[in-house]
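Colleague: I should like to learn how to read the features of a model such as this one. May we take them in turn?

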Amino acid sequence: EDYDLMSRNCCHFCSHLLLLLGTRPMPRWITSLAGTGEALRSSAQAVQKAALTSAPCLMGGLQAGLEAVQSLLTAVDVVLECVRTPAGGAAGPASMQRWE
């Protein structure tokens, strides 16, 4: 149950066994790949945690941007309605309701 492909694998077991037997240690290059994998895994977990922590702020910014676009579209709609009003004529009651 303690086996882990990166941090507690068969190479680590053999290295520890050699230490207990009092023999020469296992060459470091054998376990260095697992150490590199463990470093990559912990880095990926840190990036994931940072992304999850930042997501609410990013979503809030996105929401504010969408609201600004909606306001801009409403303003464009009002301008287009004013342009459609006949020349020299006053805007009708329908267009006035939009300003309320």
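Colleague: Which pattern does the protein follow along the sequence?

Modeller: Read from the N terminus, the pattern is α-α-α. This is a predicted model, and its secondary structure consists of three helices and zero strands.

Colleague: How does one check the span of a helix, for example that of α1?

Modeller: The expected span is 1.5 Å times one less than the number of residues. Helix α1 covers residues 10-21. Its 12 residues should therefore span 16 Å, and the end C-alpha atoms are indeed 16 Å apart, which agrees. For α2, which comprises residues 28-84, the 57 residues should span 84 Å; the end C-alpha atoms are 79 Å apart, and this too agrees.

Colleague: Where in α2 does a kink lie?

Modeller: A bend is read as the angle between axes fitted to the seven residues ending at a position and the seven starting there. In α2, a kink of about 40° lies at S54, shortly before the proline P56.

Colleague: What caps the N-terminal end of α1?

Modeller: One looks for a polar contact, a pair of N or O atoms within 3.5 Å. Here the cap is N9, which belongs to the segment before α1. A side-chain oxygen of N9 lies 2.9 Å from the backbone nitrogen of C11.

Colleague: Is N9 buried or exposed?

Modeller: The cut-off for a buried residue is under 20% relative accessible area. N9 has a relative accessible area of 10%, so N9 is buried. Just after the other end of the helix, one may turn to the backbone: G22 follows α1 and takes a positive phi of about 75°.

Colleague: How many salt bridges does the count give, and which residues form a salt bridge?

Modeller: The rule asks for a side-chain nitrogen of Lys or Arg within 4 Å of a carboxyl oxygen of Asp or Glu. The count comes to one salt bridge. R41 pairs with E38, and their closest N and O atoms are 2.5 Å apart. Both residues lie in helix α2, three residues apart, about one turn of the helix.

Colleague: Why do R41 and E38 count as partly exposed?

Modeller: Partly exposed denotes the range between the buried limit of 20% and the exposed limit of 50%. The relative accessibility of R41 is 30%, so R41 falls in that class. E38 is partly exposed because its relative accessible area is 28%.

Colleague: Which residues of α2 are buried?

Modeller: They are A34, G37, V78 and E81. Across the protein, buried residues make up 8% of the 100 residues.

Colleague: What is the exposed area of the protein, and which residues make a nonpolar surface patch?

Modeller: The protein exposes about 8,500 Å², of which carbon and sulfur atoms supply 68%. F13, L17 and L21 make a nonpolar surface patch of about 320 Å². Residues enter a patch with over 30% relative accessible area. L17 lies in helix α1; its relative accessibility is 37%, so L17 counts as partly exposed.

Colleague: How far apart are T31 and S7 in sequence and in space?

Modeller: Such a pair is read by setting one separation beside the other. T31 and S7 are 24 residues apart in sequence, and their C-alpha atoms are 9.3 Å apart in space. T31 is found in helix α2, and its relative accessible area of 22% is why T31 is partly exposed.

Methods
Residues are numbered from 1 along each chain as its sequence is written. This is a predicted model: local features need pLDDT of at least 70, side-chain atom pairs count only at pLDDT 80 or more; totals for chains, interfaces and linings use all residues. Side-chain values use heavy atoms; hydrogens and water are left out. Helices (H or I, at least four residues) and strands (E, at least two) are DSSP runs, numbered from the N terminus. Buried means under 20% relative accessible area, exposed over 50%, partly exposed in between (1.4 Å probe, protein chains only). Accessible areas come from the Shrake-Rupley method with a 1.4 Å probe; for residues, only the protein chains shown count as cover. Patches are made of residues with over 30% relative accessible area and no salt bridge: like charges are joined within 9 Å, nonpolar side chains (Val, Leu, Ile, Met, Phe, Trp, Tyr) within 5 Å. A polar contact is a pair of N or O atoms within 3.5 Å; within protein, one must be able to donate a hydrogen and the other to accept it, and residues adjacent in sequence count only if both atoms are side-chain atoms.
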